[in-house]
Amino acid sequence: MRRVWPVVGLFAVALAVASSGPRAQEPQRAPAFRSGATAVAVDVNVRDRSGRPITGLDVADFEVLDNGVRQDVVQLSYGKVPIDITVALDVSYSVVGHLLDRLRDAVGQLMRDLGSEDRLKLVLFNMRVTRTTDFTTDVKLVDQAIRSAVAGGGTAFHDAVSVALVSAAAPDRRQLVVFFTDARDSVSTSTPEMIVKVAERTRATLTFVTPAAVGTTAFGARAAAGSPPPVPNVLARETGGSVLPFSDATNLTATFRRILNDFRSTYVLYYNARGVDQTGYHTIDVKVSRSNAVVTARRGYQGGQ
Amino acid sequence: MSRRVAAIVTLVALTGVWPAGQAPPQSPQFRAATDVVMVDVSVRDGGRTVTGLRAEDFALTDNGVRQRIESVEAGAVPIDLTLVVDVSGNPRRPVGRPPSEADVIGDVNRELRLVAELLRPDDRVRLLAVDDTVQQVWSFRDASSLAVTRIDHDGQASLYDTLAAALLQPVEPARRHVVIARTKGVDTISSITSGTVQAMARQADALFHLVMMETAFDNEAALAGYQCNPNLMGLCWPTRRFWVPFQRRMLGPAPAHQLLPDGVTMAEAAESTGGALHKTTVGGVPSLTSTFRRTFEDFRNGYMLRYTPQGVARDGWHAIDVRVPASRNYTVRARRGYGIEVLPPVPAPAAIPDAPRTITELVDAHSRGARQQVMVGLRQASDPARLIRDFEEAGNPWPAAPRREATFAIEVAEAGLFSPRPTARRQAYALLERFTRLVRHPLEAETFERYWHFAVLTLLEGAIRAVDAEPFVERAIARFPAEPRFVLSRAIVTDQRWAARGMRNAAVDASGTPTAPHVEAVRLAYSAAIALPETTAEARVRLGWFLHRLGRHDEAMVELSAAGAEPSPDASIRYLRSLFIGHVWYSLDRTDLAVAAFREALTVAPAAQSARVALMNALVLRGESAEAEALAEAVQIDASPGIDPWWTYWQGQYRFYPAAMTRLQELSR
């Protein structure tokens with residue numbers, strides 16, 4: 001029997017779950033996907049209105065619509081899949097001095113907060129997008145890399161997002177990319193439309209820590225009334241991430257910790273997309289049978305060609 | 001003075017020599033300003049240790065010159081003992097029956113207890129273990145607490161690496177260092193060779209004894225059986241790193257157990273320190289203490305001879321020979337020599353001249369031809385406005401060379417043009433404007449003036465301030481109407497108005513869309529440059545990109561295709577053309593053609609990030625994730641210093657600025 005995985009990137013987690021290999025991160029009961037169906041894994045963050053995570057939910061508590069068609073959730077996991085975090089720091093002219101020190105502290109604490117199987121990768125970008133440290137748990141290594149960062153040059157923000165999304169990702173780990181940037185792009189070859197399409201076809205969750213007033217907008221030049229939302233907002237919404245404001249008064253360490261905790265306290269739902277065309281873009285709508293629940297999930301995914 | 005200190009420090013570290021005035025405890029007083037050499041010597045008469053010898057009983061030569069032994073001490077100096085135990089995998093053991101950690105630890109602890117009995121209260125012991133990696137089980141500690149609780153074992157043998165770690169231990173001046181290593185005589189994974197260990201031993205201030213257990217060396221098949229586990233479908237564990245061969249044995253097979261080349265090297269290593277290589281003949285695992293008890297007692301009952309070298313050159317290798325002339329039957333063991341490393345005097349670093357800060361300093365540096373200093377000084381200028389003002393007030397620093405002043409004026413203006421301060425920028429434009437008049441030849445336009453304008457225009461394009469640049473473009477064209485680069489400059493500066501949004505006279509409406517007059521102006525300007533052969537290709541590429549940004553992809557493709565009719569000799573233009581064609585095809589939903597164009601761009605500039613990312617995006621859309629991931633990886637790890645042509649696209653012809661300035665300087669001489 002041949003399984004069909006039309007969108008490998010998004011469903012790599014599901015692949016790992018479904019496989020019976022000894023190295024896979026397997027929930028207690030591996031789901032059995034049917035031939036010809038699209039196996040989907042989707043991260044779902046559920047919080048109450050005061051922002052506290054709602055835990056203890058079961059499969060029956062979720063309703064998942066794929067292109068408007070209700071799906072059966074065959075498996076659910078919570079906090080079990082190891083996490084790979086990519087921290088991408090904007091080191092153009094705007095990030096220097098004391099701010100760099102605060103970032104170092106925040107990323108260092110973030111690393112110490114990681115679980116035993118979690119890892120962190122550091123990417124620095126201005127015009128160039130450079131991975132200074134591959135996935136590691138070595139706090140000193142990352143600290144040293146940030147310490148040696150030299151700020152300057154233009155900003156290839158869009159290109160950095162695209163590269164971070166496309167970078168090879170372990171199929172049995174959840175992927176979170178945290179950008180610290182003012183999102184002011186000056187030299188990218190990627191357009192906002194392109195990176196949204198890339199985000200639809202990859203599986204990482206994008207979260208942005210940006211100054212309170214972000215200047216760059218998607219699909220246009222000016223943040224005038226009625227103009228499209230800024231690029232970070234579009235990407236965060238698309239991938240189930242968030243945009244957190246940043247100012248001189250912000251406790252960056254607390255902000256990074258919150259990002260990690262939010263991502264960690266996320267359910268991963270697995271379902272076979274049935275009753276829908278396997279190709280094209282699939283919208284995902286997730287609801288929870290709790291009156292006070294606020295649900296955050298990626299908006300959808302790209303099906304097979 | 002520094003050289004002397006360095007030499008003495010080296011001497012102490014390598015051979016146990018103290019500089020005068022820094023004597024070890026309980027030592028006699030030494031003369032000032034001399035070096036003292038201390039040599040450990042053991043003397044045996046057959047199986048008996050010879051004791052009670054005095055200074056006059058020894059004959060010692062240093063590089064062949066007889067020396068006067070000033071004092072003899074026996075057994076008073078505390079010992080630092082480094083024990084090396086080999087707990088790597090035993091090739092003889094049957095596959096599937098690894099020794100338990102408890103067994104290995106039990107064996108080691110038993111030997112440690114025996115060793116402890118030989119030590120004195122002042123002695124200390126350090127334990128290293130040979131396995132996959134060098135293990136320091138514990139650093140030096142007193143003999144009352146010698147016990148192992150955890151040890152990695154049954155892995156590959158990093159013997160040479162571990163011995164190096166043992167020998168490289170610095171020795172405290174008031175102590176003696178003894179290294180006793182027990183090994184299976186096989187190295188399978190070290191990163192260094194036996195020769196390296198030998199070189200280290202020769203220089204080390206340690207007595208080095210090596211004992212080899214021959215028990216495991218005879219069965220090649222057993223070794224392969226150990227390394228290649230049938231439970232892993234015959235997969236073998238890696239047995240080498242880098243260039244290191246499969247395995248390096250010191251002893252040949254039974255019953256002769258001849259020393260193999262590595263064994264000879266290691267034997268010489270031990271003997272160069274006064275120690276030795278020992279082959280056990282016991283069938284089982286030999287005991288450290290049983291093997292070395294006698295050697296250890298020799299050492300305990302040995303002598304430490306002190307002398308001040310006389311009649312020999314101080315630096316370099318000193319061969320030592322020690323004898324007891326009264327009895328030719330005695331066996332005297334001592335290290336073979338010592339070396340005094342001659343450290344070459346460290347040259348003082350070249351003085352880094354301060355960057356010139358004032359206009360006087362800058363003019364002075366310029367007069368001396370210190371181009372780099374001038375450039376650094378101008379780029380680090382904290383107050384470019386003041387610099388420009390001072391330059392103007394001071395008058396021509398080279399009255400006989402007005403062209404030189406005009407060239408220098410561009411450099412001074414550059415500091416202001418890229419300043420974030422509007423005042424500095426205004427002054428820079430004013431300075432250039434003044435010199436535009438000054439460089440004007442009264443009779444006819446000539447070469448210097450033409451290059452002067454070209455340098456200024458490339459600089460202004462680089463600053464991307466279209467409105468401020470336009471008057472300079474018009475003045476240049478007024479003087480040189482047929483100059484293609486000036487015509488292209490007009491088009492580029494006009495085009496830049498769109499990019500320079502938010503500025504006065506911006507060419508876009510409230511929604512960010514270029515106005516119709518602006519579009520027409522840009523098209524006309526580029527068309528004029530297209531008509532001039534020198535700038536045809538670049539103008540077409542730029543017009544194509546302009547049309548693409550307007551959403552007129554078909555028209556863009558016409559221009560970009562035409563730009564290829566006569567390929568530009570400028571690689572950056574050829575790269576941009578292919579990159580832009582890729583983007584246009586992408587916008588026309590022809591991802592396959594876009595991919596081909598991006599690949600073409602990468603043949604011109606293989607490491608350019610823009611084409612890599614563009615290709616990566618296109619491949620993701622086509623579902624070709626493997627190559628896309630490879631490109632993402634290539635982007636992130638690229639360390640080439642090259643500049644992606646796309647990064648400077650909006651700076652127009654700024655890429656020519658350095659060459660234009662060089663030409664101007666030549667013309668102003």
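**Interface, cores and helix packing in a two-chain model**

In the contact between the two chains, chain B contributes 21 residues and chain A contributes 26 residues. On the side of chain B that touches chain A, helix 21 (609-621) and helix 22 (625-637) of chain B each supply at least two residues. Sorted by class, this side of chain B comprises 11 nonpolar, seven polar and three charged residues. The structure described here is a predicted model, and the values that follow are to be read as computed from it.

Within chain A, residue A:I85 is located in strand 5, which covers residues 83-90. A:I85 has 27 other C-beta atoms within 10 Å, and because 20 or more are required for a residue to count as buried, A:I85 is buried. Leaving aside residues up to four places away in sequence, A:I85 is in contact with A:D118, A:L120, A:L176 and A:V178. The C-alpha atoms of A:I85 and A:R174 are separated by 8.4 Å, although these two residues are 89 residues apart along the chain.

One of the contacts of A:I85, A:V178, also appears in the largest nonpolar core, which has 154 residues and in which A:A88, A:A160, A:V178, B:V412, B:A455, B:F598 and B:L615 touch the most other members. For B:A455, the contacts beyond residues up to four places away in sequence are B:I410, B:Y657, B:A660, B:M661 and B:L664. Another core, of 45 residues, lies apart from the largest one and includes B:L112, B:V115, B:V197 and B:L277.

The packing of two helices of chain B can be described in further detail. The axes of helix 18 (residues 553-562) and helix 19 (residues 571-587) of chain B come within 10 Å and cross at roughly 155°. Because angles over 145 degrees count as roughly antiparallel, helix 18 and helix 19 of chain B are roughly antiparallel to each other, and helix 18 of chain B passes helix 19 of chain B in a left-handed crossing. Helix 18 of chain B takes part in this contact through B:H553, B:A556, B:M557 and B:L560, while helix 19 of chain B does so through B:R577, B:F580, B:I581, B:V584 and B:S587. By class, six nonpolar, two polar and one charged residues make up the contact of helix 18 with helix 19 of chain B.

Elsewhere in chain B, helix 3 (residues 159-167) is mostly covered, with eight of its nine residues buried. These buried residues of helix 3 of chain B are B:L159, B:Y160, B:D161, B:T162, B:L163, B:A164, B:A166 and B:L167.

Terms used. Residues are numbered from 1 along each chain as its sequence is written. Chains are lettered from A and ligands numbered from 1 in the order in which they are written. This is a predicted model: local features need pLDDT of at least 70, side-chain atom pairs count only at pLDDT 80 or more; totals for chains, interfaces and linings use all residues. Two residues are in contact if their C-beta atoms, placed from the backbone, lie within 7 Å. Helices (H or I, at least four residues) and strands (E, at least two) are DSSP runs, numbered from the N terminus. Ala, Val, Leu, Ile, Met, Phe, Trp, Tyr, Cys and Pro count as nonpolar, Asp, Glu, Lys and Arg as charged, and the others, Gly among them, as polar. A residue is buried if 20 or more other C-beta atoms lie within 10 Å of its own, exposed if 12 or fewer, and partly exposed in between; C-beta atoms are placed from the backbone. A nonpolar core is a set of buried Ala, Val, Leu, Ile, Met, Phe, Trp, Tyr and Cys residues joined through C-beta atoms within 7 Å. Axes are lines fitted to C-alpha atoms, for helices over the stretch in contact, and angles run from 0 to 180 degrees between N-to-C directions. Angles under 35 degrees count as roughly parallel, over 145 as roughly antiparallel, 65 to 115 as roughly perpendicular and the rest as oblique. A crossing is left-handed if the near helix is turned anticlockwise from the far one by less than a right angle, and right-handed if clockwise.
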